[in-house]
Protein chains: 2
Amino acid sequence: MNRRIRIPALGLLAASLLAVSAQAASPGNHPAALGKIRDTAMASDYAWERTADMTDLIGPRLSGSAGAAAAVNQVADAMRKLGARVTLQPVKVPHWVRGEEKGELVEYRGRPSGITQRVVLSALGGSGATPADGIKAEVIVVSSFDELKARAAEVKGRIVLFDVPFDQHMAERGLAGQAYGQGSTYRVNGPRLAAEIGAAAALVRSVGGANYRLPHTGNSGLQDGARIPAAAVTVEDAMLMSRLAKRGPLSMRLVLTPQILPDADSYNVIADLPGTDKPDEVVIVSGHLDSWDLATGAHDDAAGVASAMAVFDTLKKLDYRPRRTIRMIAWMNEENGTRGARTYLEAQQANAGKHIGAIESDNGAGRPFGLRASVPAASAKLFAPLQAALQPIGAGVFQRQDALATGDLSGLERAGVPSFAPLLDTSTYFDYHHTAADTLDKVDPDNLRRHVAVMTATAWFLANVEEPVGRANVPVK
Amino acid sequence: MNRRIRIPALGLLAASLLAVSAQAASPGNHPAALGKIRDTAMASDYAWERTADMTDLIGPRLSGSAGAAAAVNQVADAMRKLGARVTLQPVKVPHWVRGEEKGELVEYRGRPSGITQRVVLSALGGSGATPADGIKAEVIVVSSFDELKARAAEVKGRIVLFDVPFDQHMAERGLAGQAYGQGSTYRVNGPRLAAEIGAAAALVRSVGGANYRLPHTGNSGLQDGARIPAAAVTVEDAMLMSRLAKRGPLSMRLVLTPQILPDADSYNVIADLPGTDKPDEVVIVSGHLDSWDLATGAHDDAAGVASAMAVFDTLKKLDYRPRRTIRMIAWMNEENGTRGARTYLEAQQANAGKHIGAIESDNGAGRPFGLRASVPAASAKLFAPLQAALQPIGAGVFQRQDALATGDLSGLERAGVPSFAPLLDTSTYFDYHHTAADTLDKVDPDNLRRHVAVMTATAWFLANVEEPVGRANVPVK
């Protein structure tokens, strides 16, 4: 009861102190301050507006594209408007450009004269190219790496289709990330393994839920030296090809003409809100600027960048200054190279110990239930005030893991910087992920506000926490 | 209790009679016969196999295409295999061929230099063409015909977008057909109305549920003389265009190069199972052979045709011969002209009185709950034995309407022939309808068996019923 009474009083005190001086003492991690952050985030459409600007005005933002360049400028400008100290960190990025793509089933048992069947597909990032008029080859359908191995003698000169279903049931049980991991191993490793035993091209069944004839692209894992044409076919087309292959020999014509251009100049956008007491200690809030080229990447990851930007907006609205520096990073090139994260890590390797924690939102903008963190087990209890502040919006869960191993933060994490990410409902994320359907209308404005609340409260908490939250101790696999 | 005991006895009797002679008397509408029909249908994959043949081996079947021609042959061959008397009824069909299609938002407020936004769209059937390099024009977004009228002065030379949402909530409440009717009026009438007041082109927001960046095509209602380019844009793109138009003037480049070729020769496939007592009296079971060109038309309407074919297969398995002739018709050109139905009606106009009823399945292969029928109110009670036979598979509902007014049967219905159709769960039908995602994997084999049970039992019932079920009396609107 006493405590409840003191909260508004302290809040008023903090506010009046801030009114006196911009260099006022931080209100710190007092429940009143964390509650105000939460409520301010929940009352704002700032992140929604930034997500809309990035997706509606720019659209797709694959590394090296005009869209990616425009996004760098848009985010830098917006951060400057918030009064942040903005740096553009140069990053050389891969520049892969989609070309023509066409699949056609041209021979199969029972095919009426004059009939061919269209296959809807999209080249995977890093795919090699066919000749302009394509290749024609027999299709081998395999359902596992073991089957590929067992049938290795048949692969030479043929097109291998990895027809492995996404585990929708697993995704609906709250294990979407694991389901994605299981499926995407075929996208990430399949083309290379097929190339190594002489396949003419590799196709993977799209990794994701919701079957609406949409290819889910993504990176192929192919490297120079063994670069074959590789594409994701839709779930429907993978099933069709499997059914036809069961009837007898199946041949297809495949045209994929992507190009690998010289590495392009790009940037991480880095914006600092300097700390009042310990400006050399840093808490990162981040998302990635680049997206795949099929859609406007609203969930992946405009919403993540916008939420990170909104941390600054929320604190500015409250006129709160953190004790440590909060650094917003809009990473470049998460999708096909993580060059932005690598560049940052190289530059900051010696300084890794000064990074208290790094937050990234890169699992879509589904409803947040709380926070994931790669802090030591002993530190978990420190986060109770943060959990208490987020509980009123249903985001009070604290899930500790040894490592989050996310794309952009895994290097920092291995260097000891604990990773943080909103704990989200991702049950529908992989319905849209890496497809043409990852668009603004799929983002729920209210969930996005909750997202900002989690990101801002967490960043603030880490930037002001007294006791050290400990270092990440990523187990060596 | 007595009745229960007599059923198997009579069933055995019927079976032994049939064993003696293929020309044995019809077992008629006895509950045992209707029950056997139901159970035989529920034990068979015949319709599934025919749906797979049509979709996997042939694929899309737009009128005039090689696919449509192949489907005529495939169905005719299969019906001959079932011992039916097959006639190919010549039909002249429209021959509209999709060309290149491309939409790009090239000017809008806030557009970064070098950026344009892709619009995913598909030409509507009967659409006119732009020049090969497209047109560029400002976009006017309207949300109703009233708004089009109010803004008529702005339309000339511009591209009109009808941005009217599909009522998903209505569809989920079991009123999908009504929701589709509300939405499709903009597709069917919008382009013409826009053309009449000088629009350069017309776009409609896709009519259907499930937003996965899929255009839902369909017929435009455009005629020679006022034929402008017309396309369905995806729900996502319609929303994007509306949002951008709210920011300021919006211009797009539109390329649509469909062609209207001379009418093509095609056919209705008509297969008769002659009646034993009244061979000149006819009961039609039907679906339509043609499909839109974006997908393999599994729900619309391969499953319908396959179910109609399976009526013959089911009766053949039972060695049941109807008193009246059962006529399977695979209609040609339901989607963009209903020329098949018109041709049949013209040929049979004088004979309409001999048509006892006509069944068509053309609402997808969702789970059947019963039967819809345009019989006189006084006749509804006659169908009790049919309802009783279908009740064990949950399909015992009988829904009488003054008119079903379905595409292929409405002419016959106006001529007094009662229409019948399975009463279906259509809550997800419009998620796939007229899109690239209307594929075999969306058809549930068990629902398809139930479909066949309803179709066969209904056809059999009508072919053997003693009392006249009455004539359709379609109200003049």
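A residue counts as buried when its relative accessible area is under 20%. By that criterion, 61% of the 477 residues of chain A are buried in this predicted model. Chain A comprises 14 helices and 16 strands, and chain A forms a contact with chain B that takes 42 residues from each of the two chains.

**Overall form of chain A**

- For 477 residues, a compact globule would be expected to have a radius of gyration near 23 Å, and the 24 Å of chain A agrees with this.
- Along the principal axes, the C-alpha atoms of chain A occupy a box of roughly 85 × 45 × 40 Å.
- Of the contacts in chain A between residues at least 6 apart in sequence, 84% connect residues at least 24 apart.

**Surface and charge of chain A**

- The exposed area of chain A is about 17,700 Å², of which carbon and sulfur atoms supply 52%.
- Chain A carries 51 positive and 50 negative charges, and the mean positions of these two sets lie 3 Å apart.

**Contact between chains A and B**

- Together, chain A and chain B bury about 2,900 Å², with 55% of this area on carbon and sulfur atoms.
- On the chain A side, the residues that lose the most area to chain B are A:D56, A:L57 and A:Y212, which together account for 26% of what that side buries.

**A:K442, a loop residue**

- A:K442 is located in the loop that runs between helix 13 (429–432) and helix 14 (445–464) of chain A.
- The relative accessible area of A:K442 is 14%, so this lysine is buried, given that the limit is 20%.
- Leaving aside residues up to four places away in sequence, A:K442 touches A:H299, A:Y432 and A:A437 in chain A, as well as B:N211 and B:E236 in chain B.

**B:V454, a helix residue**

- B:V454 belongs to helix 14 of chain B, which spans residues 445–464.
- B:V454 has a relative accessibility of 0% and therefore counts as buried.
- Residues up to four places away in sequence excluded, B:V454 touches B:P368, B:G370, B:L371, B:L390, B:A395 and B:P422.
- B:V454 and B:S307 are separated by 147 residues in sequence, while their C-alpha atoms are 9.3 Å apart in space.

Conventions. Residues numbered from 1 in each chain as written. Chains lettered and ligands numbered in written order. Predicted model: local features only at pLDDT ≥ 70, side-chain atom pairs only at ≥ 80, totals over all residues. Heavy atoms only, no water. Helix = DSSP H or I, 4+ residues; strand = E, 2+ residues; numbered from the N terminus. Rg over C-alpha atoms; globule rule 2.2 N^0.38 Å. Buried < 20%, exposed > 50% of the residue type's maximum accessible area, 1.4 Å probe, protein only. Contact = heavy atoms within 4.5 Å. Areas by Shrake-Rupley, 256 points an atom, 1.4 Å probe, with all protein chains shown as cover. Lys, Arg positive; Asp, Glu negative; His and termini not counted. Charge placed at Lys NZ, Arg CZ, Asp CG, Glu CD. Buried area = accessible area lost by both parts, 1.4 Å probe.
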